[in-house]
Amino acid sequence: MQLYTRSAGEGLPVVLLHAFPLSSAMWLAQREGLSAVCKVITPDLRGFGGSVLGEDEPSLDVMADDVVRLLDREGVDRAVVGGLSMGGYVTMALCRRHPDRLLGVILADTKAGADPEAARSNRERIAAEVLEEGTSVLLREVLPGLVGQTTVRRRAMVFGRVRGLVQSAPPTAVAWAQRAMAGRPDSFDTLRALKTPVLVIVGEEDEITSPAEAGAMVEAVPDGRLAVIEKAGHLSAVEQPEAFNRAVSGFVAELAGGSPPRG
Ligand code: MLT
C-alpha cells in the first residue's frame, strides 16, 4: 500500500493529512502558500484521491502506519505531522504509535475525545447508506456542517469547491473511514505524553469540532499554542487559507529556531 502524495517546497518536512470525505486537493492553498517556508507533503489517505483502499479492516492505526511508510519512502526520519479533523485523528494515532517520528504536531479542527455511542451508530448508518445509494447522504448530512456561516453567505466558490470534493468521494472509502473513525479511542493520554510542540488551530465558526474542544487539546499537551481562525468554520484551511498558513509558518519558524513572521 503506497499513498499517492503531492509535495511542494524544500526544507523542514510538514505532512498535512486531509479531512473526511475529501482528499489532498483540499491543501492546494497550503502547497502554494507554505512551499516557501517548508516542504509540504500532502498524501491522499487510503481510498481517497489517488490512493487505493486495500483490504485491511477499518482503523485509524492502519492510516497512521500508511503515513509512516510514506515518510520511510521519502527518506524522512522526523517530520511535523498535522491533520484537519479526520486527518487530526490520524495524526493522534501516529502520535500514539510513532512518537519518535515527530518534530512537531498540528491539530486543526479536530478533537481528542472518542465518539459517544450515538455518534458511532450514526457513522454506521451513513456507511451503509453511502454504500447503497452513493454520496447523496453526504451532501445532505455532512456538507452543510463542513464550512462556516461566513463561507456559506459570502464565498459561494469555496462552498462549491467543497461540494465537488464531497460529491466525488468514493463510497467504499467513505464507509471504511466512517468505521475507522467510529473505532478511535480517546486520545487525551496520548496528548499529555507528547514531547514535541503542538499547534492547535480552529475556525471560530467550527460547529463540528468546536473552539472549546480545541482549547481542551491545548490544555492537555505539555507544549501547546492555539490559533483561532476568524470567519472560518470546520475547513479553516480551505476557508481562510492565508490566516491558516500564517499560523503554520509561524510554528515552522519557531521549530526551526527562527522568529515567527509578523502579521
Ligand atoms: C472531518 O471533517 O474529517 C469529519 O468531520 C470528521 C468526523 O466525522 O468526525
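**View 1. Ala-119, a partly exposed residue in helix H4.** At 27% relative accessibility, Ala-119 counts as partly exposed, a label for values between buried (under 20% relative accessible area) and exposed (over 50%), worked out with a 1.4 Å probe and protein chains only. This alanine is found in helix H4, residues 117-133. Helices here are DSSP runs of H or I with at least four residues, strands are runs of E with at least two, and both are numbered from the N terminus. Follow the chain for 63 residues and you get from Ala-119 to Ala-182, yet their C-alpha atoms are just 7.6 Å apart in space.

A quick word on what you're looking at: this is a predicted model, where local features need pLDDT of at least 70 and side-chain atom pairs count only at pLDDT 80 or more, while totals for chains, interfaces and linings use all residues. Residues are numbered from 1 along each chain as its sequence is written, and side-chain values use heavy atoms, with hydrogens and water left out.

**View 2. Helix H9 and what covers it.** H9 has 12 residues, and the distance from its first C-alpha to its last is 17 Å, close to the 16 Å expected at 1.5 Å a residue; that expected span is 1.5 Å times one less than the number of residues. How many of the 12 residues of H9 are buried? Nine are, so you can call this helix mostly covered. Among the buried ones are Trp-176, Gln-178 and Met-181. The cover over the buried residues includes H2, helix H3 (86-97), H4 and helix H5 (136-141).

**View 3. Zooming in on Ala-173.** This residue sits in H9, which covers residues 171-182. Is Ala-173 buried or exposed? It's buried, with a relative accessible area of 1%. Leaving aside neighbours within four places in sequence, Ala-173 is in contact with Gly-47, Phe-48 and Leu-53, where contact means heavy atoms within 4.5 Å. Its C-alpha atom is also 9.7 Å from that of Phe-20, although the two are 153 residues apart along the chain.

**View 4. Strand S2 and its two partners.** Five of the five residues of S2 (residues 13-17) are buried, so this strand is largely enclosed by the rest of the structure. Pro-13, Val-15 and Leu-17 point one way, Val-14 and Leu-16 the other way, and all are buried. S2 pairs with strand S3 (residues 39-43) in the parallel sense over three bridges; strands count as paired if DSSP finds at least two bridges between them. In that pairing, Val-14 stands opposite Val-40. To get from S2 to S3, the chain crosses through helix H1 (residues 28-34), and this β-α-β crossover is right-handed: with the strands pointing away from the viewer, the path from the first strand over the helix to the second runs clockwise. S2 also runs parallel to strand S4 (residues 79-84), joined by four bridges, with Val-15 opposite Val-81.

**View 5. Strand S7, with two faces.** In a regular strand the side chains alternate between the two faces of the sheet. Along S7 (residues 224-229), Arg-225, Ala-227 and Ile-229 point to one face and are buried, while Gly-224, Leu-226 and Val-228 point to the other and are not. S7 runs parallel to strand S6 (residues 198-203), and six bridges join them. Look for Ile-201 standing opposite Ala-227. Together with helix H11 (residues 211-220), S6 and S7 make a right-handed β-α-β unit.

**View 6. The largest nonpolar core.** This core has 89 residues, and those with the most contacts inside it include Leu-84, Leu-138 and Ile-201. The largest share, eight residues, comes from helix H2 (residues 60-74). A nonpolar core is a set of buried Ala, Val, Leu, Ile, Met, Phe, Trp, Tyr and Cys residues joined through side-chain atoms within 4.5 Å. Leaving aside neighbours within four places in sequence, Leu-138 is in contact with several residues, including Phe-20, Ile-126 and Val-174.

**View 7. Cys-38 and Cys-95, too far for a bond.** How many disulfides does a search of the whole structure find? Zero, with a disulfide taken as a pair of cysteine sulfur atoms within 2.5 Å. The sulfur of Cys-38 is 18 Å from the closest cysteine sulfur, in Cys-95, so they are too far for a bond. Cys-38 is buried at 0% relative accessible area, and Cys-95 is buried at 4%.
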